[in-house]
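Me: Please take a close look at the inside of this model and work outward from there. I would like one connected account rather than a list.

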Amino acid sequence: MKYLLPFLAVLLSFGFVVLFKPKNKANFKLLLAFSGAFLLALTLFELFPKAYINSNAKVIGVFIMLGILFQIFLEFFSKGAEHGHIHTNGEKTFFPWLLFVSLSIHAFLEGFPVQENGTIIYGILVHKVPIAVILSIFLLGSRLKMTYALMFISFFALMTPLGSYFATNVDFISPYLSYINAVVIGVFLHISTVILFESSEGHTFNLRKLLAIILGIVIAFML
């Protein structure tokens with residue numbers, strides 16, 4: 001299931017966009033706020049404590065910071081697609097290689113902590129659904145051929161299960177798994193906090209978003 005669920009989440013999100021053709025990405029901001037809070041809470045409740053067990057605290061901290069910096073680097077190419085920043089340009093017909101590579105690397109890394117941290121899969125799923133929907137809206141609205149859009153979304157869907165497979169079955173990775181997981185913590189911290197900061201855009205009070213954030217934290221605590 002740890003391989004199947006992230007794959008299905010992306011493909012079903014793409015199918016939803018194909019069938020219902022949602023136009024307004026603003027409708028997904030509430031779900032993004034929930035997903036950001038949920039992912040951040042699960043990272044703090046589950047990944048953080050395990051990362052420091054039997055490890056040098058300062059070394060793990062360095063790799064967490066490297067994860068934050070690496071995600072910032074990826075976003076130079078993805079333009080923030082990991083937290084919902086994708087701008088459709090109806091004139092584009094070329095394949096977005098930089099977006100594809102950066103999102104694939106991000107999704108691949110997401111799969112590494114799944115084996116040793118069971119509930120983090122739910123955080124990844126809740127994060128993936130709104131991002132996959134927004135990404136699908138972009139792909140279908142950018143005048144790419146449907147075959148290219150399907151290729152993009154299929155590879156993107158495969159990357160997280162592939163990361164989980166590598167973490168579990170590739171022997172030479174095992175000695176470095178705690179450091180890779182620390183990098184992923186940094187990636188999750190950056191993405192989730194950016195989503196939360198952006199959910200309060202304009203610094204105006206929004207009760208629905210606040211409730212969505214609180215709900216995400218509470219559900220993560222109860223898992």
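Reply: Accessible area here is the Shrake-Rupley area for a 1.4 Å probe. On that basis the chain exposes about 11,300 Å², of which 72% is supplied by carbon and sulfur atoms. The model is a predicted one. Of its 223 residues, 48% count as buried. The chain has eight helices and zero strands, so read from the N terminus its order is α-α-α-α-α-α-α-α. Among contacts in the chain with a separation of 6 or more, 85% join residues that are 24 or more positions apart.

The interior can be taken in two parts, the nonpolar cores and the cavities.

The largest nonpolar core has 28 residues, and I64, I120, I185 and F188 have the most contacts inside it. Helices α2 (29–52), α3 (57–78), α5, α7 (177–199) and α8 (207–222) each give two or more residues to this core. Helix α2 supplies the largest share, 10 residues. I64 shows what such a position touches: once its neighbours within four places in sequence are left aside, I64 is in contact with F48, Y52, A182, I185, G186 and L189. Another core lies apart from the largest one; this other core has 19 residues, among them F95, A107, L135 and F138. As a general point, nonpolar side chains tend to be buried together in soluble globular proteins.

Now to the cavities. There are two cavities of 30 Å³ or more, and the largest has a volume of about 40 Å³. Its lining is made by E82, L103, H106, E110, H127, K128, I131 and F156. Two elements, α4 (97–110) and α5 (120–141), give two or more residues to that lining. By class, the lining residues are three nonpolar, two polar and three charged.

One of the lining residues, H127, deserves a separate look. H127 sits in helix α5. Its relative accessible area is 3%, and H127 counts as buried because that value is under the 20% cut-off. Not counting residues up to four places away in sequence, H127 touches S35, L39, E82, H106, E110, I191 and I195. Three of these partners, E82, H106 and E110, are also named in the lining of the largest cavity.

Helix α5 also holds G141. In contrast to H127, which is buried, G141 is partly exposed, with a relative accessible area of 28%. G141 and K21 are 120 residues apart along the chain, yet their C-alpha atoms are separated by 9.7 Å.

The account ends at the loop between α2 and α3, where N54 lies. Most residues other than glycine have a negative phi. N54 is not a glycine, but its phi is positive, at about 55 degrees. N54 has a relative accessibility of 80%, and therefore counts as exposed, the cut-off for that class being over 50%. The two helices on either side of this loop, α2 and α3, are among those that give two or more residues to the largest nonpolar core.

Notes: Residues numbered from 1 in each chain as written. Predicted model: local features only at pLDDT ≥ 70, side-chain atom pairs only at ≥ 80, totals over all residues. Heavy atoms only, no water. Helix = DSSP H or I, 4+ residues; strand = E, 2+ residues; numbered from the N terminus. Buried < 20%, exposed > 50% of the residue type's maximum accessible area, 1.4 Å probe, protein only. Contact = heavy atoms within 4.5 Å. 1 Å grid on protein atoms, 1.4 Å probe; cavity = no way out; pocket = protein on both sides within 12 Å on 5 of 7 lines; lining within 4 Å. Points joined across faces, edges and corners; volume = space filled by probe spheres on them. Nonpolar A, V, L, I, M, F, W, Y, C, P; charged D, E, K, R; others polar. Core = buried A, V, L, I, M, F, W, Y, C linked by side-chain atoms within 4.5 Å.
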